[in-house]
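Visitor: Got a few minutes to walk me through this one? I'd like to poke around the inside a bit.
Guide: Sure, pull it up and ask away.

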Amino acid sequence: MIVGGGSLSRGIKLALALALFAGAGLAVAAAMKGGRIGPTNLVQPNGRRLRPAGKLTRLGNHPNGGALTRDGRFLWTLSAGRGINDIRIVKAKGRGAGRVIQRVLMPGLSGGIAMDPTRNRVYVSGLPASPHTDETPPPGVPGQQGDVIHVLRYRGQTGRARRAGIIGVPPPSSAPAYQDFPPQTSKESWPQELAISADGKTLLAALNLADTAAIVDTKTRAVRYVSVGHYPYGAAIDRAGHGFVTSETQGTVTEIDLASGTVSKTIQVGPHLSHPEGMVMDPKLPRAYVAVTAQDLIAVVDTRTGTVLRTLSVARPKGNGAAPIRVAVTPNGCYLMSADSGEDAVALFALPKANGKTCKGRRYGHTKPWELVGRVPTASYPVAVGATPRRMVWVAAKGLGVGPNPHGPNPLSPNDSDNEINHFQYLPSIVRGESGLLPIPSHRRLRALTPKADREIVPADSRKPPPGTPLRPNGPIQHVFYIVKENRTYDQVLGDDRRGDGDPKLTLFGKKYTPNFHALARRFPLLDHVYADSEASIDGHYWTAAGAVSDYVIRNWHQNYAGRGRPYDFGSYMVSAPPKGYIF
């Protein structure tokens, strides 16, 4: 976002950068080449024009997880944003597929979910309720104190759910105080991913802020604890009765003997701060697949020996940034699917069978073992993927974008407060997710979908630099001043500048109130079509200082802003650092 050049008194060349971030939930109501950003033409603030594959369903506020029922007929999605948290159940098969059939209000959700493979029962990780107006569920909704696992049942024919109690998983006495700024001594569990055994008798929960895993007897609902790595996230159980939990900061997987409740071994799947997140077991072979998010890798673990057999890369040639979050395997064990949040796609790998060969036939083509067969384009920020024998589903947290919100928060209004902010179109509360339902693509179909996914990572309005540009290596510009105007959009400040493509009706702080800013805009080129990916101040800081935001920040700041008790460790501790570090 460098906009011009000049010289200081000593002849040092410089450039001035003006960045207007949507830092308080304020989107830009301006146009770009091809129309407005947002759902109308699928152009995102980063310039990508998305063309998601499959039948689309609009979901709730920033979903952060989802799973298919054991018969594959219904998709459960978990809204886990700054606004109202709920479960939305989507019909995934038959007439009316893609329709939301039920909405279940919840206090708070992290995205963790496990489907019982033996009966119509579902377990969902529960967080505290938000204290803010219009976001607190009715008094009768259980688990509003958080640190619980919600138990629900559903009818096989209709798919409709009802509550079946809660299981408390408070932090054990051995849990450390969670990191926060300023430092304090409080403890929380914050259940994240869940896994359930093949017989449905044992549930495993990764307690993200307690450095602990909870082992739950699903019949008696008795809970045992075992200490694991720092910031546990993913959970899985193999057919031998061993549990596995990932550690975001240590880059490890902890293997647990579920019968004795003890740690068997620790498996290194990535370096420090590599953020291993989602994990899944192979349905046919003793293998686990671990999404190492900050490394753009999927680690393949032999669960018999506790060793990493190989890693699979989803990285693009330009470098890391695909950010795989969760993984799944097709029921026949032919494909490994990775929900890559940073590239808005699901990557598919060909898995070898016990004989070392891949699945054959017209559907699978002549693939090599472990080959990246192709990518399926999704909506923005996919967080979950799943499959039945014939269909695949994906869930994307940011959906198709929000677009202009001319009724965004007004700092001159008495309603401009954390509790009353939803009187406006507050951006974090109106981000809506999407799910996609489609047949598992054949090898031929993947050859058609992959180029679409490749094209979509290039901004729709990208242009080559003009001849003779001073913005080049070893060019005349040696210093850059980077000025960030937090919490304001272009239109709010510069919409009154007739040279730009702004809307004066949206101007709140025009030339009368911001004479210096307008003077800078007159002296240097006016940037009326530079967009920010941020939805609030906190992720805007990361876009400003690093050009990227880690999944740790994206999934957690919403619950911090909602008052659900997530610590404010953003920028204060290395756990929240972006994958490639900071520019500034």
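Visitor: Which strand gives the largest share of the lining of the second largest cavity?
Guide: That's E32, with three residues. Keep in mind that this is a predicted model. Strand E32 covers 432-439, and the other elements giving two or more residues to that lining are strand E5 (55-61) and strand E8 (86-91).

Visitor: How much space lies in the second largest cavity?
Guide: About 50 Å³. The count comes to four cavities of 30 Å³ or more.

Visitor: And which residues line the second largest cavity?
Guide: Among them are Lys55, Thr57, Leu75, Val90 and Lys91, along with Ser435, Gly436 and Leu437. By class, the lining splits into five nonpolar, four polar and two charged residues.

Visitor: OK, pockets now. How much space lies in the second largest pocket?
Guide: About 1400 Å³. It has 50 lining residues, and the closest to its centre are Met115, Ile196, Val280, Met281 and Val329.

Visitor: How does the lining of that second largest pocket break down by class?
Guide: You get 31 nonpolar, 11 polar and eight charged residues. Several strands each supply at least two of the lining residues, including E10 (109-115), E14 (191-196), E22 and E26 (324-329).

Visitor: You mentioned E22. What order do the strands have in its sheet?
Guide: The order is E22-E23-E24-E25, in an open sheet of four strands with antiparallel pairing. E22 (276-281) and E25 (307-313) are the edge strands with a single partner each, so one side of each has no neighbour in the sheet. On average, neighbouring strands there are turned by 25° against each other, ignoring direction.

Visitor: How many bridges join E22 to E23?
Guide: Four, and the two strands run antiparallel. As for who faces whom, Pro276 stands opposite Val292 in E23.

Visitor: Switching again: Ser338. Buried or exposed?
Guide: Ser338 is buried, because its relative accessible area is 0% and the cut-off for buried is under 20%. Ser338 sits in strand E27, residues 335-340.

Visitor: What does Ser338 touch, leaving out residues up to four places away in sequence?
Guide: Ile298, Val314, Pro324, Arg326, Val327, Ala345, Val346 and Ala347.

Visitor: And how far apart are Ser338 and Leu348 in space?
Guide: They're 6.6 Å apart, C-alpha to C-alpha, with their positions 10 residues apart in sequence numbering.

How values were computed. Residues are numbered from 1 along each chain as its sequence is written. This is a predicted model: local features need pLDDT of at least 70, side-chain atom pairs count only at pLDDT 80 or more; totals for chains, interfaces and linings use all residues. Side-chain values use heavy atoms; hydrogens and water are left out. Two strands pair if DSSP finds at least two bridges between them. Axes are lines fitted to C-alpha atoms, for helices over the stretch in contact, and angles run from 0 to 180 degrees between N-to-C directions. On a 1 Å grid over the protein atoms alone, a cavity is a set of points where a 1.4 Å probe fits but cannot get out, and a pocket is an open set with protein on both sides within 12 Å along at least five of seven lines; lining residues have an atom within 4 Å of a point. Grid points are joined across faces, edges and corners, and a volume is the space filled by probe spheres set on the points. Ala, Val, Leu, Ile, Met, Phe, Trp, Tyr, Cys and Pro count as nonpolar, Asp, Glu, Lys and Arg as charged, and the others, Gly among them, as polar. Buried means under 20% relative accessible area, exposed over 50%, partly exposed in between (1.4 Å probe, protein chains only). Contact means heavy atoms within 4.5 Å.
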